[in-house]
Amino acid sequence: MTLRIERFSAQGRTVVRLIGRVQSECLAEIEAQIEGAAPHLALDLEEVTLVDVEAVRFLSACEQSGIELLHCAPYIRHWMASKRPGQGDGRGGRGEAERGG
């Protein structure tokens with residue numbers, strides 16, 4: 001499975017649910033789905049199974065711009081923190097991280 005995107009409204013906000021792999025080639029489609037949904041927007045990451053470094057940078061930028069990240073896996077949070085300025089490259093020798101289960 002690559003990526004499936006679902007968009008719906010819940011509790012006064014727009015939620016964009018991402019399901020599967022979030023990789024750099026999918027980012028333009030995600031941006032299109034979140035465009036115009038402000039000010040109350042959330043990305044639901046509960047069913048995300050894999051991210052690449054560009055997706056991590058994108059998610060970090062989304063959060064910094066005020067988009068809430070719901071159900072964000074700890075490995076994604078950790079990787080996002082390592083990609084912030086002044087935190088080193090955070091790669092740990094890997095270009096991708098996969099969620100353990």
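# Exercises on a predicted model

Strand 1 (residues 3-10) and strand 2 pair in the antiparallel sense, and 8 bridges join them. The model is predicted.

## Exercise 1. The hairpin

Find how strand 1 and strand 2 are connected, and identify bridge partners across the pair.

*Solution.*
- Step 1: Take the connection. Strand 1 and strand 2 form a hairpin, with 2 residues between them.
- Step 2: Check the backbone in the turn. Gln11 has a positive phi of about 50°.
- Step 3: Read across the pair. Ile5 has Leu18 in strand 2 as its bridge partner. For Glu6, the bridge partner in strand 2 is Arg17.

## Exercise 2. From strand 2 to strand 4

Determine the sense in which strand 2 and strand 3 pair, then continue to strand 4.

*Solution.*
- Step 1: Start with strand 2 and strand 3. They pair in the parallel sense, over 8 bridges. Val16 stands opposite Leu43 in strand 3.
- Step 2: Move on to strand 4 (residues 68-70). It runs parallel to strand 3, and 3 bridges join the two. Here Ala42 stands opposite Glu68.
- Step 3: Add the helix. Strand 3, helix 2 and strand 4 make a β-α-β unit, and the unit is right-handed.

## Exercise 3. Burial of the strands

Decide how far strand 2 and strand 3 are enclosed by the rest of the structure.

*Solution.*
- Step 1: Apply the cut-off. A residue is buried under 20% relative accessible area.
- Step 2: Count in strand 2. Here 7 of the 10 residues are buried, so strand 2 is largely enclosed by the rest of the structure.
- Step 3: Count in strand 3. Here 9 of the 12 residues are buried, so strand 3 too is largely enclosed.

## Exercise 4. An aspartate in strand 3

Classify Asp44 as buried or exposed, and list its contacts beyond four places in sequence.

*Solution.*
- Step 1: Locate the residue. Asp44 lies in strand 3.
- Step 2: Compare with the cut-off. Asp44 counts as buried because its relative accessibility is 6%, and buried means under 20%.
- Step 3: List the contacts. Leaving aside neighbours within four places in sequence, Asp44 is in contact with Val15, Val16, Arg17, Leu18, Leu70 and His71.

## Exercise 5. The nonpolar core

Work out which elements build the largest nonpolar core, and which residues touch the most other members.

*Solution.*
- Step 1: Pick the hubs. The core has 28 residues, and Val22, Leu43, Val51 and Ile76 touch the most other members.
- Step 2: Assign the elements. Strand 2 (13-22), helix 1 (27-34), strand 3 (41-52), helix 2 (53-64) and helix 3 (74-83) each supply at least two residues. Helix 2 gives the most, with 6 residues.
- Step 3: Follow one hub. Not counting residues up to four places away in sequence, Ile76 touches Val48, Val51 and Leu59.
- Step 4: Set this in context. Nonpolar side chains tend to be buried together in soluble globular proteins.

## Exercise 6. Two cysteines

Establish how many disulfides the structure holds, and whether Cys26 and Cys62 are buried or exposed.

*Solution.*
- Step 1: Count the disulfides. The structure holds 0.
- Step 2: Take Cys26. It counts as buried, at 13% relative accessibility.
- Step 3: Take Cys62. At 5% relative accessibility, Cys62 counts as buried.

Methods
Residues are numbered from 1 along each chain as its sequence is written. This is a predicted model: local features need pLDDT of at least 70, side-chain atom pairs count only at pLDDT 80 or more; totals for chains, interfaces and linings use all residues. Side-chain values use heavy atoms; hydrogens and water are left out. A nonpolar core is a set of buried Ala, Val, Leu, Ile, Met, Phe, Trp, Tyr and Cys residues joined through side-chain atoms within 4.5 Å. Buried means under 20% relative accessible area, exposed over 50%, partly exposed in between (1.4 Å probe, protein chains only). Helices (H or I, at least four residues) and strands (E, at least two) are DSSP runs, numbered from the N terminus. Contact means heavy atoms within 4.5 Å. Two strands pair if DSSP finds at least two bridges between them. A disulfide is a pair of cysteine sulfur atoms within 2.5 Å. A crossover is right-handed if, with the strands pointing away from the viewer, the path from the first strand over the helix to the second runs clockwise.
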